[in-house]
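Dear colleague,

I am passing on the structure that we spoke about, and my notes on it follow below. Please read them alongside the coordinates.

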Amino acid sequence: MKKHRLVSLPSLREAARRDPNCPISYLKADTKPDSFLVSWGQGKIFCIRTYGCQANVRDSEIIRGFLLALGMKETDSFAEADFILFNTCAIRENAENHLYGELGQAKDAYEHKPELIIGICGCVMQEEVPVKHILDHFPFVSLIFGTNNMTSFYSLLEEVIKKNVLLVDVRSGSTAVEEGLPESKESRLSKVSAFVNIMYGCDKFCTYCIVPFTRGKERSRKVEDILSEVNCLKQEGYKQVTLLGQNVDAYGKDFGDKYAFADLLEKVALTGIPRIRFVTPYPSDFNTKVFDVMAKYPNVMPSLHLPVQSGSNAVLKRMNRRYTREQYLAIAHELRERLPDVYLTTDIIVGFPGETEADFEGTLSLCQEVKYDAAYTFIFSPRPGTPAYFMKDDTSMATKHERFDRLKDLIEKLTAEKADTAVNQDVEVLFEDVSKKDPSMITGYDRHNKLVHVKGDKSLIGQIRMVHILESHTYSLIGEVKDE
């Protein structure tokens with residue numbers, strides 16, 4: 001077993017202690033590797049496995065940029081790799097269990113190559129219990145770090161290499177915004193569509209959610225830094241950016257401007273990049289000025305993900321969601337009225353502690369009234385350290401699964417009905433990749449973020465083309481590219 005050095009491992013309670021008067025600092029990240037790491041990286045191969053939301057994907061893009069700067073190459077194979085990194089998600093328990101299963105596979109690679117370095121980062125590593133579990137059960141892991149000290153990656157990696165230790169360095173909630181992170185065309189997962197962070201952290205403290213503990217307090221990037229990044233991506237040929245934040249509506253509140261997100265969205269639209277999306281708004285913070293920007297600029301896509309979580313006021317209160325069913329419905333109806341073509345999606349949790357049949361029926365009726373175009377549905381997964389983890393829960397798992405199936409059937413019906421309306425229509429599609437299931441098909445997304453497949457070759461990737469829709473398969477469409 002490797003000797004381990006514990007630099008920092010805060011508890012969730014520590015992470016929750018925030019000084020509201022602590023100023024947000026704007027720093028230039030130190031991203032230049034020294035000669036030792038550059039020499040070490042030459043000819044070596046890395047593998048990154050990413051779980052979770054777009055924020056995790058963006059974090060992996062940054063780490064990929066760090067590694068490419070060392071002269072390393074990328075692989076999908078554990079067996080080929082000299083460095084394996086798992087970027088983890090803490091939202092649901094099954095993601096954590098998936099990590100443990102993948103670590104078991106990485107162990108085989110380690111036994112054949114003892115010099116292999118295996119690291120873990122991301123949201124799960126901000127939790128004390130999983131880290132201790134890894135220390136006890138996976139002694140071949142060499143490096144553990146969190147979401148708030150990613151820019152220390154080079155110094156952490158160098159210490160692991162030189163001292164052959166298991167290094168644990170997890171920092172509690174950050175108040176820093178670091179610019180100048182490694183960027184290159186190769187560091188982006190896609191050469192067509194890119195994620196752009198506009199802010200970090202969350203201040204909502206929903207009782208089921210661990211994100212405020214793992215990602216720190218809300219802090220916004222400066223407008224000029226965001227616009228500079230978007231303009232660079234446009235110049236490099238990217239066709240779409242997705243603006244990222246745990247709660248994009250809170251963008252700029254640390255500057256004292258409640259309309260800042262709508263203003264930022266308009267400024268990004270004026271860059272002329274062909275497509276703009278954003279995730280994720282929070283209902284009670286949502287400002288309808290955003291609707292005006294969406295309606296005014298055709299490069300802001302007519303799709304909105306607006307999480308509701310439950311259609312019951314009693315459940316929303318226990319969740320510490322800061323809106324009511326009635327307030328949510330008012331926003332949804334105004335959205336449909338002002339942007340009739342909008343594609344509206346949501347998140348819903350089934351089986352939250354204390355949920356009654358009447359509460360669940362409230363969720364079903366809300367879905368029928370809003371008529372979601374799609375929804376991400378989950379059975380409640382208790383996360384250690386959150387208030388919901390300690391709530392009394394008398395509902396059987398069988399009842400939760402039965403409710404989940406009823407909700408899923410309703411959502412699939414609504415989704416299929418909306419998808420069927422696309423058949424025989426012409427839609428604008430941005431093509432992104434070759435289909436993983438059928439190499440003869442090229443895949444992309446229409447303006448509503450609906451997946452579209454067409455017969456074609458790689459020359460379509462990166463193009464925005466009109467496609468005539470031939471078939472609907474509920475969650476995807478089949479079409480043919482129209483002639484120019």
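**The sheet with β10, β13 and β14**

Strand β10 and strand β13 (residues 240–244) run parallel and are paired over five bridges, where pairing requires that DSSP finds at least two bridges between two strands. Helices (H or I, at least four residues) and strands (E, at least two) are DSSP runs, numbered from the N terminus. Before going further, please note that this is a predicted model, in which local features need pLDDT of at least 70 and side-chain atom pairs count only at pLDDT 80 or more, while totals for chains, interfaces and linings use all residues. Residues are numbered from 1 along each chain as its sequence is written, and side-chain values use heavy atoms, with hydrogens and water left out.

Within the pair of β10 and β13, N197 stands opposite L244 of β13. The two strands belong to an open sheet of three, ordered β10-β13-β14, with parallel pairing. β10 (193–197) and β14 (275–279) are the edge strands, each with a single partner strand, so one side of each is left without a neighbour in the sheet. On average, neighbouring strands of this sheet are turned by 25° against each other, direction ignored; axes here are lines fitted to C-alpha atoms, for helices over the stretch in contact, and angles run from 0 to 180 degrees between N-to-C directions. Helix α9 (residues 260–269) lies across β13 and β14 and runs at about 155° to β14.

**The sheet with β15, β16 and β17**

Another open sheet of three strands has the order β15-β16-β17, again with parallel pairing. Its edge strands are β15 (303–305) and β17 (374–379), each of which pairs on one side only, and its neighbouring strands are turned by 15° against each other on average, direction ignored. β15 and β16 are joined over three bridges in the parallel sense, with L304 opposite L344 in β16. Helix α14 packs on this sheet, where it touches β16 and β17, and its direction makes about 175° with that of β17.

**Helix α13 and its surroundings**

Helix α13 (residues 357–370) packs with helix α14 (residues 397–420) at an angle of about 5°, their axes being 10 Å apart. The two helices are therefore roughly parallel to each other, a term that covers angles under 35 degrees, whereas those over 145 count as roughly antiparallel, 65 to 115 as roughly perpendicular and the rest as oblique. The contact (heavy atoms within 4.5 Å) is made by E357, F360, E361, T363, L364, C367 and Q368 of α13 and by R403, R406, L407, L410, I411 and L414 of α14.

As for burial (under 20% relative accessible area, with exposed meaning over 50% and partly exposed in between; 1.4 Å probe, protein chains only), the buried residues of α13 are D359, F360, G362, T363, L364, L366, C367 and V370. They pack against α11 (313–318), α12 (325–338), β16 (343–350) and α14. After the helix comes K371, whose phi is positive, near 60°.

R325, which is found in helix α12, has 16% relative accessibility and therefore counts as buried. Leaving aside residues up to four places away in sequence, R325 touches G311, N313, L316, G362, S365, L366 and E369. Of these contacts, the one with N313 spans 12 residues in sequence, with 5.8 Å from C-alpha to C-alpha.

**Strand β5 and its partners**

Strand β5 (residues 83–88) is mostly covered, six of its six residues being buried. F83, L85 and N87 point one way from the strand and I84, F86 and T88 the other way. β5 pairs in the parallel sense with strand β3 (residues 45–50) over five bridges, where F46 stands opposite F83, and also in the parallel sense with strand β6 (residues 117–122) over six bridges, where I84 stands opposite I118.

**Strands β19, β20 and β22**

Strand β19 (residues 441–446) and strand β20 (residues 451–455) form an antiparallel pair over five bridges, in which T443 has H453 of β20 as its bridge partner. Four residues lie between the strands of this hairpin, and N449 takes a positive phi near 70° there. β20 also pairs with strand β22 (residues 476–481), in the parallel sense and over four bridges, and V454 is bridged to G479 in β22.

With kind regards
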